[in-house]
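Reader: I would like a close look at a single part of this structure, taken slowly and with its surroundings. Please begin with the term that the description will rest on.

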Amino acid sequence: MDIQQRLEEHLKKFNSAPFLFVGSGFSRRYLDSEDWENLLRRFSELIRPNRFPYYKSTAEGRLEVAAGLMARDFHQKWWDDELFNESRDEFGEQATDISSPLKIEISKYLREKTYIFGRNEQNDLEIEALKNVVIDGIITTNWDTLLEQVFPDQFQKYIGQKELLFSTTQEVGEIYKIHGCCTDPDSLVLTDSDYGNFHKNNPYLAAKLLTIFIEHPVIFIGYSMSDENIQEILTSITSCLSREHLDKLQDRLIFLQRKNEGEEDTFHAGPLTINGNSIIVTTIKTNDFSLVYNALAKYKRKFSAKQLRQIKTQLYEIVKTSDPQDKIYVTDVEGNLDSPNVQFVIGVGVANKFGEIGYEPIPIKKLYEEIVNDGQSFDYEKIVQNLPTFFRLDYYLPVFKFVSLSEIPINELDDRVRRHLNVNADDFITLSNRRKLPLIRETYRNIEGLFENFDDIDRIIEYIPLLEKDQINLNILKEFIIENLEILDYPNGMTRSNFRKLIRFYDWLVFSSKIINC
């Protein structure tokens, strides 16, 4: 059976591009992540070996209750045990309730999970195909950042129910992390208390997602049709719909699943009972998900999801304003973009001019590159004002250059930005590298010494922050970073992560002293 062709024909029934609804099976497939139970089992070992069966039996098998029990026991250990000294130094101020320490450690663990090419040829093929899909957005219950890695800088991210419910969403070019994200530990829906709050607000979430389900095909990846999260959300959505609107869901819900051993690829429609209503859904069974991703890449439109979201956002701002002076300016290549009356530009062939006057959002990669840029490509004051938003994409973004050159007084900075200024040299040294510190400092007196003794660039990047501060020639460090900026595009998560840390280290070395009272 030609799965790709069947899905292409199926999607032609709809005017809107699909949404993806991504669950834990997606991360297990591509990151080899644990399921929820085994993730809890891993962290229960930090409390006491072989303790998880106690939590699970006490909770009568309810994992969210087991997580709540674990969180209470982990809380005291996290605050007392020297094993977590580094975490307390970094995140102590963010530990706002009894479950925060467990969420912090789970988040740290998941932030290190990145897709690494070369380990699985089939998965490599699928990830490359996934990068090319044409979709309007993603809804996910996953905490990791795999989706952000696959679609860097393409989607506006909304973390948790609260942020989603109280934001003006455009339903295009967006990712909704409805169970939270590891970049914001307290957002994780983990314990029975978290789930209680989630269920309480679920009708409001369903109302927010209703238009997506009515107007878009929704492709579920990493879920079974019996998954409690899916059942609950679909129940909340269908309870809002008349029979007429329920009929509009027919064929829009598509479940992608692995086939069992010995089965053939299948593409079939069948009934799914939700809230007492029978809805026809499509089920695709295959072990080659690239067939589905390739079909999604065939959808044609003139603008990317990111561009459409920008257009919808700007149009919304103009429509809702009470100021009659706001205008949409439609231009060609020769149009005048410098007019003071322009709030929103629609044009063809003026991308370079968009960048000059600030209509293009700044990719995270560009902010890292800006740290070693001798000029000034962006308005630093605006960057500093928007740093809390950037932190959702990269919590560890370098900040000292932008703050020091923005001329914004320290006392006027957002609290989240001020917390990022509370940094010292030890913050750039991991616990494992701390044991190497005496040897590295005794053996290598400067960066040149590392260059002479290591052919492996990974070791050089890792060991530079271990040198004494006065042993580091800032010009040599800057040249090294500039020569290797392509590492920011590396698929290898650890190399890229350590290189970003090195840029943050340079940012601290050069610009922290220029900030008064930080």
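Author: A residue is called buried when its relative accessible area is under 20%, and exposed when that area is over 50%. By this cut-off Val417 is buried, because its relative accessible area is 0%. This residue of the predicted model is found in helix α21, which covers residues 415–421. Apart from neighbours within four places in sequence, Val417 is in contact with Val384, Leu387, Pro388, Phe391 and Val403. The C-alpha atom of Val417 is also separated by 9.7 Å from that of Asn386, although the two residues are 31 apart along the chain.

The term buried serves elsewhere in the model too, for helix α12, residues 228–238. Its buried residues are Asn229, Ile230, Ile233, Leu234, Ser236, Ile237 and Thr238. At the N-terminal end α12 is capped by Asp227, a side-chain oxygen of which lies 2.8 Å from the backbone nitrogen of Asn229. The helix lies across β1, β5, β6, β7 and β8, and runs at about 65 degrees to β7.

These strands belong to an open sheet of eight strands with mixed pairing, in the order β3-β4-β2-β1-β5-β6-β8-β7. The edges are taken by β3 (156–159) and β7 (266–274), and because each has a single partner strand, one side of each is left without a neighbour in the sheet. On average, neighbouring strands of the sheet are turned by 20 degrees against each other, direction ignored. Within it, β5 (residues 218–221) and β6 (residues 253–257) pair in the parallel sense over four bridges, and Val218 stands opposite Leu253 in β6.

Technical notes. Residues numbered from 1 in each chain as written. Predicted model: local features only at pLDDT ≥ 70, side-chain atom pairs only at ≥ 80, totals over all residues. Heavy atoms only, no water. Pairing = 2+ DSSP bridges. Helix = DSSP H or I, 4+ residues; strand = E, 2+ residues; numbered from the N terminus. Axes fitted to C-alpha atoms, helices over the stretch in contact; angles between N-to-C directions. Contact = heavy atoms within 4.5 Å. Buried < 20%, exposed > 50% of the residue type's maximum accessible area, 1.4 Å probe, protein only. Polar contact = N/O pair within 3.5 Å; in protein donor to acceptor, adjacent residues only side chain to side chain.
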